[in-house]
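Me: Hi! I have a new structure open and would like to talk through its helix packing and its empty spaces. Could you take me through it?

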Amino acid sequence: MTHHSTSLDALDTADAAFRLLAAGPRPLGLHASRLAPGLPDRLVPVTELRVLLLHPATGPAARNAVWADLVRRARAGDPAWTVALAGIAMPGLRRAVASLTPAYRGDPADLQSEVLAGFLAAMRALDLDELEEVPLASRLCWAARRAGEHLAFADAAWAARRADLDDLDDQGDQGDAPDLPWGHPDLVLARAVRRGVLTAAQAELIGRSRLEGVPLSQIAAETGTSHSALCNRRKRAETAIAAAIAAGELTE
């Protein structure tokens, strides 16, 4: 049994939460055409938005307008939008980690955490009045990479000091994909319950309504709870899990 199968590193956890926010009948999304011409004239779930922003047909001005909107929403304090922004940036964050992994001898989970922390710190440091003038995607992903580089270079200095022990540590890297998929939303929910972020009932509500697609009206009928009460309960639960992920509380 591989220990990776139930282990979620920082980027896997953030990506799973990102997909969780976009699941179900009422996904987190943006009305894209209000941000830039040429984007779909409807609510676009954040997972679809990520694909759209990577597509060559989406020009740099449109891409930056969406990023600017996401940054403003994240900075306004709703943790769900912080997770959404990290999710949109995930391809760039994973590239940063992948480029640094061959030179890094420490725990790959530490590198992921550092890259994500660097990204979030750079996002919080942006001047909100100048977002339209800054290439946000590249600036934030470069900041994330630089944070990873600092860790990798510090680790390289340490590794040089123990060079005589290197031959003992020659068991190959762990860059292969794990046996089971990382970052499944179920694992994030289970960990949130274990860490006291969610109650079991809250996790079940998110799991049934978001992952299994059971309508809230059906759950309301089953439990004798009003639809609006369930809506509010789920919103509070999703805010709690997003805040925990943004704070790094759900990584190993």
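Reply: Happy to! One term first: a crossing is called right-handed if the near helix is turned clockwise from the far one by less than a right angle, and left-handed if anticlockwise. Also, please keep in mind that this is a predicted model.

Me: Good, so which hand is the crossing of helix 2 and helix 4?

Reply: Helix 2 and helix 4 make a right-handed crossing. Helix 2 covers residues 46-54, and it packs against helix 4 at an angle of about 35°, the two axes being 9 Å apart.

Me: Which residues make that contact?

Reply: From helix 2 you have Val46, Leu49, Arg50, Leu53 and Leu54. Helix 4 answers with Trp81, Ala84, Gly87, Ile88, Met90 and Pro91. By class, this contact of helix 2 with helix 4 holds nine nonpolar residues, one polar and one charged.

Me: And helix 1 with helix 4, what angle do they pack at?

Reply: About 135°, with the axes of helix 1 and helix 4 lying 8 Å apart. Helix 1 and helix 4 are therefore oblique to each other. Their crossing is left-handed.

Me: Who touches whom there?

Reply: On the helix 1 side, the residues are Leu11, Asp12, Ala14, Asp15, Ala17, Phe18 and Leu21. They meet Ala80, Val83, Ala84, Gly87, Ile88, Met90, Leu93, Arg94 and Val97 in helix 4. In terms of class, the contact of helix 1 with helix 4 splits into twelve nonpolar, one polar and three charged residues.

Me: Let's move to another pair. How do the axes of helix 3 and helix 5 cross?

Reply: They cross at roughly 90° and come within 10 Å of each other. That makes helix 3 roughly perpendicular to helix 5. The contact uses Trp67, Val71, Ala74 and Arg75 from helix 3, together with Phe119, Met123, Arg124 and Ala125 from helix 5. Six of the contact residues are nonpolar, none is polar and two are charged.

Me: Changing topic: how many cavities of 30 Å³ or more are there?

Reply: Two, from a search of the whole structure. The largest has about 50 Å³ of space, and the second largest has about 40 Å³.

Me: What lines the largest cavity?

Reply: Its lining is made of Ala14, Thr82, Val83, Ala86, Leu116, Leu120, Ile245 and Ala246. The elements giving two or more residues to this lining are helix 4 (79-100), helix 5 (108-125) and helix 10 (227-246). Helix 4 gives the most, with three residues. As for class, you get seven nonpolar residues, one polar and no charged ones.

Me: And what about the second largest cavity, which residues line it?

Reply: Ala17, Leu20, Leu21, Val83, Val188, Ile241, Ala242 and Ile245. Helix 1 (10-21) and helix 10 each supply at least two residues of that lining. The class split is eight nonpolar, no polar and no charged.

Me: Nice. Now the pockets: what volume does the second largest pocket have?

Reply: The second largest pocket comes out at about 310 Å³. It is lined by 16 residues, and those nearest its centre are Gly92, Arg95, Ala137, Ser138 and Cys141.

Me: Which elements give two or more residues to that lining?

Reply: Helix 2, helix 3 (60-75), helix 4 and helix 6 (136-161). The largest share of the lining, six residues, comes from helix 4.

Me: How does the lining of that pocket divide by class?

Reply: The lining of the second largest pocket has ten nonpolar, two polar and four charged residues.

Me: Helix 4 came up a lot. Where does it give the most to a lining?

Reply: Helix 4 gives the most to the lining of the largest cavity, with three residues. In the second largest pocket, helix 4 also provides the largest share, at six residues.

How values were computed:
Residues are numbered from 1 along each chain as its sequence is written. This is a predicted model: local features need pLDDT of at least 70, side-chain atom pairs count only at pLDDT 80 or more; totals for chains, interfaces and linings use all residues. Side-chain values use heavy atoms; hydrogens and water are left out. On a 1 Å grid over the protein atoms alone, a cavity is a set of points where a 1.4 Å probe fits but cannot get out, and a pocket is an open set with protein on both sides within 12 Å along at least five of seven lines; lining residues have an atom within 4 Å of a point. Grid points are joined across faces, edges and corners, and a volume is the space filled by probe spheres set on the points. Helices (H or I, at least four residues) and strands (E, at least two) are DSSP runs, numbered from the N terminus. Ala, Val, Leu, Ile, Met, Phe, Trp, Tyr, Cys and Pro count as nonpolar, Asp, Glu, Lys and Arg as charged, and the others, Gly among them, as polar. Axes are lines fitted to C-alpha atoms, for helices over the stretch in contact, and angles run from 0 to 180 degrees between N-to-C directions. Contact means heavy atoms within 4.5 Å. Angles under 35 degrees count as roughly parallel, over 145 as roughly antiparallel, 65 to 115 as roughly perpendicular and the rest as oblique.
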